[in-house]
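Visitor: Could you take me closely through one part of this model, the site where the ligand sits, and then through a few residues elsewhere for context?

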Amino acid sequence: MPIRYCVRFLIAAIALAVLPRACIAAPHTTIRPGAVWLDKQGHGIEAHGGGILYHDHTWYWFGTDRNPQLDAAKRYVRCYSSHDLIHWKNRGHALTLADPEHLGPRWVLERPKAYYSPLTHQFVMYMHLDDAHYKYAHVGVAESNKITGPYHFVASFRPLGLESRDIGQFVDDDGQAYLVFESRPSGGFYVARLSPDRLSVRTPAVAFFHIPLEGGALVHYDGMYYVMGSHLTGWRANPNVYAAAPTLSGPWTEFREVAPGSPNTYGGQSTFLLKVAGTKTSTVIFMGDIWKPRALWDSRYLWMPLEIKDGRMLLPEPEPWTINTKTGITTIYPKQPRPMQ
Ligand code: DGJ
């Protein structure tokens, strides 16, 4: 190697060793909470209130597409796929739905979540269906033989006969699938098992919590279950809380704030807890929405790895970060210092 390259290499190595971490630029393979997140084609990702389904070594992200240029009479769920959780390929609209239950103008489709049924080999999508006043309070169910859709509307119902608004999805390590749903008349929220074909909700509920929580999510990590949600403050962020238990039927700890360092969970609302089981470690990612109620399409995503130990969970201050999905190891890049004045 010519001497000038050796010298340059040496200078670069010394600089990297002596520079404080904060001065090292985060590479482009980072997730930047709160920033515009572009898909592989360079368009902003439209997958709000979303969830993830891991299938055939690929992650599929489903969420509502709020693009105001779409047909205002219809609702859309978009799907993206990824092999590294950082770069996402737009797979188009998994579901395009015209008001399926005569819910009227400004009808609501929120928080789509997809499951796979090993029994029927079909993919089943749950969603919150409502009228403009949030009085219908049903889940909608759609089905497809392809993970990316198109999904066809099957039915809407009230799980366990109860009002259901925000929903969350959970598939345990043993393959059992669950629906999390908020039901405010009972002053709480439920976790209920789905049937093997994923088309119906089994009674009785496996867990009920005496606290109405939206944005419900659940994860099984290191021998403990962690359930999470936000309080009911519309689109405004609030302190999201979690509880832990060794089994789904409890005993559950009290609810604690997941981000005690922030009055409103850094502006985010939980939508999903994604476990990435790598060869070296397992990481649980907090997936949240930073809503912009006046421009929902421009709402942002707050994804951060959680710190979890012995029944305690902590959402650290959002920073750019990356994950190696093979090993499960994450690296956080502290924010860049302000430029010198
Ligand atoms: C909070 C819920 O989490 C959202 O999905 C949405 O329904 C808003 N409320 C509507 O105000």
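Guide: What follows is a walk around the ligand, and then a look at three single residues.

This is a predicted model, in which local features need pLDDT of at least 70 and side-chain atom pairs count only at pLDDT 80 or more, while totals for chains, interfaces and linings use all residues. Residues are numbered from 1 along each chain as its sequence is written, and side-chain values use heavy atoms, with hydrogens and water left out.

The ligand is surrounded by E110, R111, Y134, D166, E214, G234, W235 and Q269, where a residue is taken as near if one of its heavy atoms lies within 4 Å of the molecule. This shell divides into 2 nonpolar, 2 polar and 4 charged residues, with Ala, Val, Leu, Ile, Met, Phe, Trp, Tyr, Cys and Pro counted as nonpolar, Asp, Glu, Lys and Arg as charged, and the others, Gly among them, as polar. A polar side-chain atom of D166 lies 2.4 Å from an oxygen atom of the ligand, and one of E110 lies 2.7 Å from a ligand oxygen, whereas G234 contributes a backbone N or O atom at 3.4 Å from a ligand nitrogen. Of the 300 Å² of accessible area that the ligand has on its own, the protein covers 89%, as calculated by the Shrake-Rupley method with a 1.4 Å probe.

R111, one of the residues around the ligand, also leads to T271, since the side chains of T271 and R111 are joined by a polar contact of 3.4 Å (a pair of N or O atoms within 3.5 Å; within protein, one must be able to donate a hydrogen and the other to accept it, and residues adjacent in sequence count only if both atoms are side-chain atoms). T271 belongs to strand β17, residues 269–277 (strands are DSSP runs of E, at least two residues, numbered from the N terminus), and is buried at a relative accessible area of 3%, buried meaning under 20%, exposed over 50% and partly exposed in between, with a 1.4 Å probe and protein chains only.

S82, in strand β3 (residues 74–82), is likewise buried, with a relative accessible area of 2%. The side chain of S82 reaches the backbone nitrogen of D84 at 3.1 Å, and a polar atom of that side chain lies 2.8 Å from the backbone oxygen of H87.

W297, by contrast, is partly exposed at 40% relative accessible area and is placed in the loop between β18 (282–290) and β19 (300–305).

Terms used. Helix = DSSP H or I, 4+ residues; strand = E, 2+ residues; numbered from the N terminus.
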